[in-house]
Amino acid sequence: MSHNSDLRDRHIAAIPRGLASAFLVYAQRAENSEIWDIEGNRYIDFAGGIAVLNTGHRHPKVMAAVRDQLDHFTHTAFQILPYEPYVALCERLNGLAPFSAPAKSVLFSTGAEAVENAIKIARASTGRPGVIAFSGGFHGRTTLTMALTGKVAPYKVKFGVAPPAIYHLPFPAPSHGVNVADTLRALDTLFRADIAPTDVAAIIIEPVQGEGGFLPAPTELLQALRQTCDTHGIVLIADEVQTGFARTGKMFGIEHSGVEPDLLTVAKSLAGGFPLSGVIGRADIMDAAEPGGLGGTYAGSPLACAAALAVLDVIAEEGLLARADTIGASIRGALEELVLRNDGVPISAIRGPGAMIAFDIVTDSGEPDAATTKRVIQTALADGLVLLSCGIYGNTIRILCPLTISDALLEEGLAKLGRALVATH
């Protein structure tokens with residue numbers, strides 16, 4: 001039998017330290033909401049591959065669709081010989097687009113690719129260079145998306161200065177001492193001091209910040225941004241890479257606000273674990289790029305497209321929008337009971353829509369406690385529960401269990417979380 005310790009040594013020798021793994025525990029197999037490592041240890045998955053597995057590990061319908069596609073072909077490059085799964089998926093995504101205008105979609109491989117191409121499309125449509133993003137936001141690790149990301153460590157350290165014409169506004173959050181009025185004043189200052197609104201191509205925002213700490217964007221802010229974009233001809237981009245495909249109880253997180261974006265970036269749970277991303281947008285904006293300006297060798301892989309079509313079927317057939325709300329209510333209830341028990345580490349600010357739930361670990365005086373957060377996560381792992389942290393202070397625990405998790409496994413996982421919070425106290 002292989003051992004985790006053996007693979008750790010090989011891992012460290014073969015892979016640069018810049019690619020950090022949260023846990024040096026090596027997966028061997030997985031099923032729905034459970035993972036087994038190479039030593040046979042079992043874990044309940046509350047991380048979901050960082051929000052990739054809303055439909056769980058190896059959903060039977062997704063696996064069947066991919067096996068069927070394998071029997072036909074694995075690659076042609078859509079720019080050379082197109083294929084029906086790509087077209088069919090774009091048709092499905094256009095039908096789901098959360099805006100009233102006619103939609104078109106284009107597919108890529110990663111979330112960062114989707115964001116980069118959304119910016120390219122916005123710049124082509126407006127003829128402008130500027131892009132506005134938000135502190136705490138995460139949009140990727142490529143040079144452009146790293147610049148859009150509103151967090152220096154670890155994403156920007158040692159990688160040089162950002163490309164020009166990228167600006168950040170403070171994201172409103174009570175824990176940061178920032179409200180919507182502060183953000184809008186900063187936007188007004190930006191327009192007066194650094195860039196004219198007529199030079200801004202796009203404003204990009206996550207409906208709920210992911211890496212930033214599961215902080216929902218206030219509806220008041222989204223409405224104000226929509227008005228600003230309408231006034232000045234700016235493209236509003238909703239980055240739905242983490243919030244998309246039923247995680248928040250809606251197909252897309254922006255739908256909670258009623259605000260219509262111009263473009264959406266999607267990835268992660270779109271294809272049930274297969275690499276796939278895309279941009280969904282208003283057709284008039286999407287057609288701004290010249291032929292050949294968009295694409296990629298592996299973009300819109302036929303295997304991933306087949307998987308994504310099955311994922312959309314599963315979301316509809318298994319009622320995962322409603323299931324997300326049910327799961328979220330169970331998680332909130334368990335966390336609120338832990339607060340009342342008062343025998344674990346102090347937690348606060350339970351938040352998030354649907355099954356995109358997070359909470360903060362704090363000191364007795366209410367300050368962020370990143371060190372204790374790390375210990376809680378390691379204690380949970382030793383008890384067979386995979387958890388992730390996030391947030392600008394490193395003290396937020398986020399829960400991203402598959403939406404297909406059974407009630408019994410959810411209850412077992414929440415019990416493990418409770419034990420970790422108590423044991424670390």
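In this predicted model, the side chains of Asp-383 and Lys-416 form a salt bridge, with N and O 3.8 Å apart. Asp-383 sits in the loop between α12 (370-382) and β15 (385-386), whereas Lys-416 belongs to helix α13, so the pair joins parts that are 33 residues apart in sequence. The two partners also differ in their surroundings: Asp-383 has a relative accessibility of 29% and therefore counts as partly exposed, while Lys-416, at 9%, is buried.

Helix α13, which carries Lys-416, also takes part in a helix packing. The axes of helix α11 (residues 320-341) and helix α13 (residues 407-423) come within 11 Å and cross at roughly 30 degrees. Because angles under 35 degrees count as roughly parallel, α11 is roughly parallel to α13. The crossing of these helices is right-handed. On the α11 side, the contact is formed by Arg-323, Ile-327, Ser-330, Ile-331, Ala-334, Leu-335, Leu-338 and Arg-341. Facing them in α13 are Asp-407, Leu-410, Leu-414, Leu-417, Gly-418, Leu-421 and Val-422. By character, the residues of this contact comprise ten nonpolar, two polar and three charged.

A second pair of helices may be approached through Thr-183, a residue of helix α7 (residues 180-193). Thr-183 counts as buried because its relative accessibility is 1%. Leaving aside residues up to four places away in sequence, Thr-183 touches Phe-134, Leu-169, Pro-170, Phe-171, Pro-172, Val-178 and Leu-221. Helix α7 packs with helix α8 (residues 219-232) at an angle of about 25 degrees, and their axes are 10 Å apart. These two helices are therefore roughly parallel to each other, and their crossing is right-handed. From α7, Val-180, Thr-183, Leu-184, Leu-187 and Phe-191 enter the contact, and from α8, Glu-220, Leu-221, Ala-224, Leu-225 and Thr-228. The residues of the contact divide into seven nonpolar, two polar and one charged. Thr-183 and Leu-221, which touch one another, thus both appear among the residues joining α7 to α8.

The discussion now returns to charged pairs. Side chains of opposite charge can pair when their charged atoms come close. The model contains 18 salt bridges. In one of them, Glu-211 pairs with Arg-398, and the closest N and O atoms are 3.0 Å apart. Glu-211 is located in the loop between β8 (208-209) and β9 (215-216), and Arg-398 in strand β17 (residues 396-399), so this salt bridge connects parts that are 187 residues apart in sequence. Both ends fall under the 20% limit for burial: Glu-211 is buried at 13% relative accessibility, and Arg-398 is buried at 3%.

Another salt bridge joins the side chains of Asp-287 and Lys-104, with an N to O distance of 3.0 Å. Distant parts of the chain are linked here, since Asp-287 lies in the loop between α9 (283-286) and α10 (302-317) and Lys-104 in strand β4 (residues 103-108), 183 residues apart. Asp-287 counts as partly exposed, with a relative accessibility of 46%, and Lys-104 is likewise partly exposed, at 37%.

Salt bridges also occur as a network, which links Arg-226, Asp-230, Asp-262, Arg-282 and Asp-284.

How values were computed:
Residues numbered from 1 in each chain as written. Predicted model: local features only at pLDDT ≥ 70, side-chain atom pairs only at ≥ 80, totals over all residues. Heavy atoms only, no water. Axes fitted to C-alpha atoms, helices over the stretch in contact; angles between N-to-C directions. Helix = DSSP H or I, 4+ residues; strand = E, 2+ residues; numbered from the N terminus. Parallel < 35°, antiparallel > 145°, perpendicular 65-115°, else oblique. Left-handed = near helix turned anticlockwise from the far one by under 90°. Contact = heavy atoms within 4.5 Å. Nonpolar A, V, L, I, M, F, W, Y, C, P; charged D, E, K, R; others polar. Salt bridge = Lys/Arg side-chain N within 4 Å of Asp/Glu carboxyl O. Buried < 20%, exposed > 50% of the residue type's maximum accessible area, 1.4 Å probe, protein only.
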